Amino acid sequence: MSSRLLQNFKGGRAIVVTRRGGWESALETTLAKLGVSTEYPEIIDGRAQIDVASLQAERDILFIDGDLEGAVAIEVNPGSRLPPVPVIGLVGVEAPSRLKALVNLGATSFLRKPVHGGAVYTSLFMGINQFLLRAEMYERLQGLEERRRGRRAVIRAVVLLMQQDGLDEEGAYSQLRRDSMRARQNMELYCEEFMSKRAKPPDTTGITLQGGNKQAI
């Protein structure tokens, strides 16, 4: 991967989930110097009042206090293990259970409490860029998986052309490649559409028709 690392966080919004006690002023002051605004959602009955659906990955960063058990509930993508926005864990008590809870929320960086201003930039840099890198990696893996599934459509399309048009394997593949280029589609997508158009459904007797030959199913 050759992704550029994000170094300027101006215009960001930090949503800090914690019970305010004075220590957070260093965090807020340092974030302001970096061009990041700070908001503190209200906590009612132990739950932070956050509209998760309105969060924007290109702007928002969640700072979650690990000492507030169950204060935030966000869905983490099971494939990428990523939340909808970068999450930075605020660590007070370094208990394994609390660290695990932050990891399960998708935290990609941690910041010790009480916060020291000099540590904020590093934590922000790591948290956001790890989030971006993981998201890109997951997107690429998804693309490769789609290509892998698409190769099955290519094989089926080649076999179908060989059966219906009497072409050999190389001739069938070359024809599909030419047709996909003419249609300005990648090979896999073209073959999926090709199969949906050329493959004939079973008739009323339960017989499939391929290349004019009847085959019992």
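Arg 184 is exposed, at 80% relative accessibility (buried means under 20% relative accessible area, exposed over 50%, partly exposed in between, with a 1.4 Å probe and protein chains only). Arg 184 is not a glycine, yet its phi is positive, at about 55°. The residue lies in the loop between helix H4 (169-182) and helix H5 (187-198). Helices (H or I, at least four residues) and strands (E, at least two) are DSSP runs, numbered from the N terminus.

The model is predicted: local features need pLDDT of at least 70, side-chain atom pairs count only at pLDDT 80 or more, and totals for chains, interfaces and linings use all residues. Residues are numbered from 1 along each chain as its sequence is written, and side-chain values use heavy atoms, with hydrogens and water left out.

The chain holds five helices and nine strands. Along the sequence, their pattern reads β-α-β-β-β-β-β-α-β-α-α-α-β-β. Of the 217 residues, 36% are buried. Contact means heavy atoms within 4.5 Å. Among contacts between residues at least 6 apart in sequence, 60% join residues at least 24 apart. About 13,200 Å² of the chain is exposed, and carbon and sulfur atoms supply 51% of that area. Accessible areas come from the Shrake-Rupley method with a 1.4 Å probe; for residues, only the protein chains shown count as cover.

Backbone geometry was examined next. Asp 45 also is not a glycine and has a positive phi of about 55°. Asp 45 sits in the loop between strand E3 (43-44) and strand E4 (47-48). With a relative accessible area of 77%, Asp 45 is exposed. A cis peptide bond joins Lys 113 and Pro 114, with omega at about -5°. Pro 114 falls in the loop between strand E7 (107-112) and H3.

Ring contacts follow. Rings of Phe, Tyr and Trp (its six-membered ring) pair if their centres lie within 6.5 Å; planes under 30 degrees apart count as stacked, over 60 as edge-to-face and the rest as tilted. This rule yields three aromatic pairs. Phe 9 and Tyr 121 form a tilted pair, 5.7 Å centre to centre with 55° between the planes. This pair links distant parts of the chain. Phe 9 belongs to the segment before strand E1 (13-17), Tyr 121 to helix H3 (residues 117-165), and 112 residues separate them. Phe 9 counts as buried because its relative accessibility is 6%. Tyr 121 is partly exposed, at 32%. Tyr 121 also forms a tilted pair with Phe 125, 6.1 Å centre to centre and 35° between the planes. Tyr 121 and Phe 125 are four residues apart in helix H3, so about one helical turn separates them. Ring pairs thus join Phe 9, Tyr 121 and Phe 125 into a cluster.

A charge lies over another ring. The charged end of Arg 20 sits over the ring of Tyr 40, 3.9 Å from the ring centre (the rule requires NZ of Lys or CZ of Arg within 6 Å of the ring centre and within 35 degrees of the ring normal).

Helix H3 also includes Arg 151. Arg 151 is partly exposed, at 36% relative accessibility. Leaving aside neighbours within four places in sequence, Arg 151 is in contact with Tyr 173 and Glu 188. The C-alpha atoms of Arg 151 and Cys 191 are separated by 8.8 Å, and the two residues are 40 apart along the chain. Leu 141 is likewise in helix H3.
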